[in-house]
Amino acid sequence: MAGGVLVTSTNGRQYEGKVTMFVLVTCLVAAMGGLLFGYDLGITGGVTSMEPFLVKFFPSVYKQMKDESGHESQYCKFDNELLTLFTSSLYLAALIASFFASTTTRMLGRKASMFTGGLFFLIGALLNGFAINIEMLIIGRLLLGFGVGYCNQSVPVYLSEMAPAKIRGALNMGFQMMITIGILGANIINYFTSDLESGWRISLGIGAVPAILLCIGSFFLGDTPNSMIERGQKEGAKKMLQNIRGIDNVDEEFQDLIDASEEAKKVEHPWKNITELRYRPQLTFCSLIPFFQQLTGINVIMFYAPVLFKTLGFGNNASLMSAIITGGVNVLATFVSIFTVDKFGRKILFLEGGVQMFICQIIVGSMIAINFGVSGEGSFTHIEANFLLFFICLYVAAFAWSWGPLGWLVPSEICSLEVRSAGQATNVAVNMLFTFAIAQIFLTMLCHLKFGLFFFFAGFVLIMTIFIVMFFPETNNVPIEEMNKVWKSHWFWTKFVSNVVVDHDHKAVA
């Protein structure tokens, strides 16, 4: 079953092709890399709210949580550096791994990076599931982080290179869809294992399942034509392109890919090159988009949803069920982005999502301020709790159809081949750095900023929305290799791109 589509080149030519079942299945399998990231995002908060887990590894937190003396405010019940290190260590490892993954992705191919990521995650999940001490737990988390770093580096690039330009957004968002499914699946598993003595082992150990699926799937996947050409496999690349497009005559598009690869090979130092003036737009967006994505405050919800809901007076099962509800909203809202991103474009989703998130965070922060104040003493009525959950769900939905998927899509589609691996590595590294930072300091920030934490994130949402209005050009339907025309036509970026010429040694000079 295939639909016709024109794959457009910005040199004026149009390449006829089809949206083949082959490319859909291939992208679906590759997108399973998102399951790893999503499952960990969802599982961690639930596990760290399970009493048997806290008793075994973090007894001081358990004692603090059970303290009824009133010495601790609700805001500070879970404030513990070792507990947050358990969560955040993964993202520090992912940050480090992303730089190694960049080289692997470029030299060995995209599928090799995906397989490596799955293998790391598999070993880490098993170590966590069988952990007998805190050291084993942290080592497992670090290996999970290496897996996440490799997958987050390679999967978005793989999807963007395999997809026809007109549906690149939708197929690339399969990665975000898998992240949301992973989060929802983890929340459901936490709900059913929370009352079991060894429920935390089951929750952590099941992470091996998506890792096995990715390892097996990536073993059978073909690599992208771009990657195969980059590594000198031109004959195989042409056959792969024919399979992807569903037609035999792919000569024009294939030649464009070869030309792009030849230009890319003249670039000896992609890390040095991406800092050059002509790549200033790519470096800016590969750095600021993941930075802003984390400063939306979404990981406050995804990491610590059960802990947060428990802090706000929801019971244990109620807090886990609330996390399932927000996880379900996350999945459904991601479908909205899949069906709208290539129709309405990236920019409108960025802006609508930003406005909606800002409003919801102000309302949630105000509700917590009214009920808990600065002292942290108070509670929600049943109606107020449902009202709070409703606005948190609206906030999650806004993120899920805007900054969530676009945070991975845009950086993966704006870089030309010669700096693509470096650009995506920068994206993953910045993302993981601030994911680590937020995970490490959130519970402390909640303890000290209290309800003001939500106003803190709302302020950043306002800043990032203004940034998109001013500096982001629409990238919808623009083939990856020809993205340069977008920058040249933008009022701000043209001064960096248009005034650059290339000398005989292919070095950019002003």
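The expected span of a helix is 1.5 Å times one less than its number of residues, and this tour of a predicted model begins by putting that rule to use.

Select residues 346-372, which make up helix α18. This helix has 27 residues, and the distance from its first C-alpha to its last is 38 Å, close to the 39 Å expected at 1.5 Å a residue. Now add Gly373, the residue that follows α18, and look at its backbone, where phi is positive, near 60 degrees.

Next, select residues 251-265, helix α13, and apply the rule again: its 15 residues should span 21 Å at 1.5 Å a residue, and because its end C-alpha atoms are 21 Å apart, the model agrees with the expectation. Colour the buried residues of α13, which are Glu253, Phe254, Asp256, Leu257, Ile258, Ala260, Ser261 and Ala264. While you look at their spacing, keep in mind that an α-helix has 3.6 residues a turn, so residues three or four places apart point the same way.

Move on to helix α5, residues 81-107, and pick out Ala93 within it. Is Ala93 buried or exposed? With a relative accessible area of 4%, Ala93 is buried, because buried means under 20%. If you leave aside its neighbours within four places in sequence, Ala93 is in contact with Leu142, Gly145 and Phe146. Show Val148 as well, for although it lies 55 residues from Ala93 along the chain, the two C-alpha atoms are separated by 8.6 Å.

Stay with helix α5 and select Phe86, together with Phe53 in helix α3 (residues 51-57), which is 33 residues away, so that you can see a pair that links distant parts of the chain. The two rings form a tilted aromatic pair, with 5.3 Å from centre to centre and 50 degrees between the planes, and the structure holds 37 aromatic pairs. Phe53 is buried, with a relative accessible area of 0%, and Phe86, at 0% relative accessibility, also counts as buried. Add Arg141 to the view, and you will find its charged end over the ring of Phe86, 4.8 Å from the ring centre. A similar arrangement can be found at Lys56, whose charged end sits over the ring of Phe57, 5.8 Å from its centre.

Phe53 also leads to the next stop, since it is listed with Phe58 and Trp403 as having the most contacts inside the largest nonpolar core, which has 86 residues. Select residues 382-400, helix α19, to see where the largest share of this core, ten residues, comes from. Then centre on Trp403, which, apart from neighbours within four places in sequence, is in contact with Ile289, Phe292, Gln293, Thr296, Phe350, Met357, Met464 and Ile468. Another core, of 49 residues, lies apart from the largest one, and among its members are Val148, Ala163, Met432 and Phe436.

Finish with the cysteines. How many disulfides does the structure hold? The structure holds zero disulfides. Select Cys286, which is in no disulfide, and then Cys415, whose sulfur is the nearest cysteine sulfur, 3.7 Å away; a disulfide needs the two sulfur atoms within 2.5 Å, so this pair does not count as one. Cys286 is buried, with a relative accessible area of 0%. Cys360 is likewise in no disulfide, and its nearest cysteine sulfur, that of Cys393, is 9.8 Å away. At 3% relative accessibility, Cys360 counts as buried.

Technical notes:
Residues are numbered from 1 along each chain as its sequence is written. This is a predicted model: local features need pLDDT of at least 70, side-chain atom pairs count only at pLDDT 80 or more; totals for chains, interfaces and linings use all residues. Side-chain values use heavy atoms; hydrogens and water are left out. Helices (H or I, at least four residues) and strands (E, at least two) are DSSP runs, numbered from the N terminus. Buried means under 20% relative accessible area, exposed over 50%, partly exposed in between (1.4 Å probe, protein chains only). Contact means heavy atoms within 4.5 Å. Rings of Phe, Tyr and Trp (its six-membered ring) pair if their centres lie within 6.5 Å; planes under 30 degrees apart count as stacked, over 60 as edge-to-face and the rest as tilted. A charge sits over a ring if NZ of Lys or CZ of Arg is within 6 Å of the ring centre and within 35 degrees of the ring normal. A nonpolar core is a set of buried Ala, Val, Leu, Ile, Met, Phe, Trp, Tyr and Cys residues joined through side-chain atoms within 4.5 Å.
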